[in-house]
Amino acid sequence: MKNSLLSTLRNKETSCELFRQTAHQLGSIMASESDSFLSKKKSSIETPLAKTEVENIETSPTLVPILRSGTALLPSFLFFYPKAPIGFIGIRREEKTAKPLLYYTNLPIIHKESLIFLLDPMLATGQSASLAIDLLKEQGALEKNIVLFSILAANIGFQFIQQKHPSIRTSIVHIDPDLNSDKWIVPGLGDFGDRYFKT
Ligand code: URA
């Protein structure tokens, strides 16, 4: 299912409406699989018929989308984690150099124990995500408690993140082989934000 949804996102003929719908569907699968990063507690409950052992999620993650594309994943994750604190990190790429520029931060209180789900659909050079990770660490997050969720990554960006932040965990739908000279993921899907926000 994830691959077929990704094919729809990649197709340049996909309308904005379908692109949004597909991004939300893919986001929902990513969010539903994200419970593998959560600690669970066993307890005993009674069904109408019998006593049984069940597993419950212990803590809610803190959701941090990187503006603006990361907000496309937010509704899907909120559906599964309705109590989650939400923080925002605004980073844009400088057009000429593709260097990340931090322009906005609004984060909830972060503790050493906080599990952070960093939402960044397109991991190209990895520099924006890395800047966001550094910022979260400055605010008290432990690298091992940060999970990066991306739809597409360029291999070089993925490797950059792994080298710079060896303890971070990732959930990435697909890793593409190339990054072109303008730092776009190839084959990729184009500008995620422009296609999702219709700009
Ligand atoms: N951001 C995008 O939206 N697309 C890319 O290919 C790279 C970064």
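Visitor: Before anything else, which residues count as nonpolar, which as charged and which as polar?
Guide: Ala, Val, Leu, Ile, Met, Phe, Trp, Tyr, Cys and Pro count as nonpolar, Asp, Glu, Lys and Arg as charged, and the others, Gly among them, as polar. One more thing to know at the start is that this is a predicted model.

Visitor: OK. How do the lining residues of the second largest pocket divide, then?
Guide: Five of them are nonpolar, seven are polar and one is charged.

Visitor: Which ones lie nearest its centre?
Guide: Thr-59, Ser-60, Glu-113, Ser-114 and Leu-115 do, out of 13 lining residues. The space in the second largest pocket is about 200 Å³.

Visitor: And how much space lies in the largest pocket?
Guide: About 760 Å³. Its lining has 33 residues, and those nearest the centre are Ser-69, Arg-92, Arg-93, Trp-184 and Asp-191.

Visitor: Which elements give two or more residues to that lining?
Guide: Three strands and two helices: β3 (62-67), β4 (88-93) and β7 (122-123), then α4 (127-138) and α6 (192-197).

Visitor: What's the split by type there?
Guide: In the lining of the largest pocket, 13 residues are nonpolar, 10 are polar and 10 are charged.

Visitor: New topic. Where does the ligand sit?
Guide: In the largest pocket. Around the ligand are Met-122, Ala-124, Lys-183, Trp-184, Ile-185, Gly-190, Asp-191 and Phe-192. By type, this shell has five nonpolar residues, one polar and two charged.

Visitor: Which backbone atoms lie 2.8 Å from an oxygen atom of the ligand?
Guide: A polar backbone atom of Ile-185 is 2.8 Å from a ligand oxygen. A backbone N or O atom of Phe-192 also lies 2.8 Å from an oxygen atom of the ligand.

Visitor: What about a nitrogen atom of the ligand?
Guide: There the partner is Gly-190, with a backbone N or O atom 2.8 Å from a ligand nitrogen.

Visitor: How much of the ligand's accessible area does the protein cover?
Guide: On its own the ligand has 240 Å² of accessible area, and the protein covers 89% of that.

Visitor: Now the backbone. What is the phi of Lys-183?
Guide: Phi of Lys-183 is near 70°, which is positive although the residue is not glycine. Lys-183 belongs to the loop between β10 (178-179) and β11, and it is also one of the residues around the ligand.

Visitor: Which residues does a cis peptide bond join?
Guide: One such bond is between Leu-67 and Arg-68, with omega at about 0°. Another joins Val-186 and Pro-187, where omega is about 5°.

Visitor: Where are Arg-68 and Pro-187 placed?
Guide: Arg-68 is in the loop between β3 and α3 (74-80). Pro-187 is in the loop between β11 (185-186) and α6.

Methods. Residues numbered from 1 in each chain as written. Predicted model: local features only at pLDDT ≥ 70, side-chain atom pairs only at ≥ 80, totals over all residues. Heavy atoms only, no water. Near = heavy atom within 4 Å. Polar contact = N/O pair within 3.5 Å; in protein donor to acceptor, adjacent residues only side chain to side chain. Areas by Shrake-Rupley, 256 points an atom, 1.4 Å probe, with all protein chains shown as cover. 1 Å grid on protein atoms, 1.4 Å probe; cavity = no way out; pocket = protein on both sides within 12 Å on 5 of 7 lines; lining within 4 Å. Sits in = over half its atoms within 2 Å of the grid points. Points joined across faces, edges and corners; volume = space filled by probe spheres on them. Helix = DSSP H or I, 4+ residues; strand = E, 2+ residues; numbered from the N terminus.
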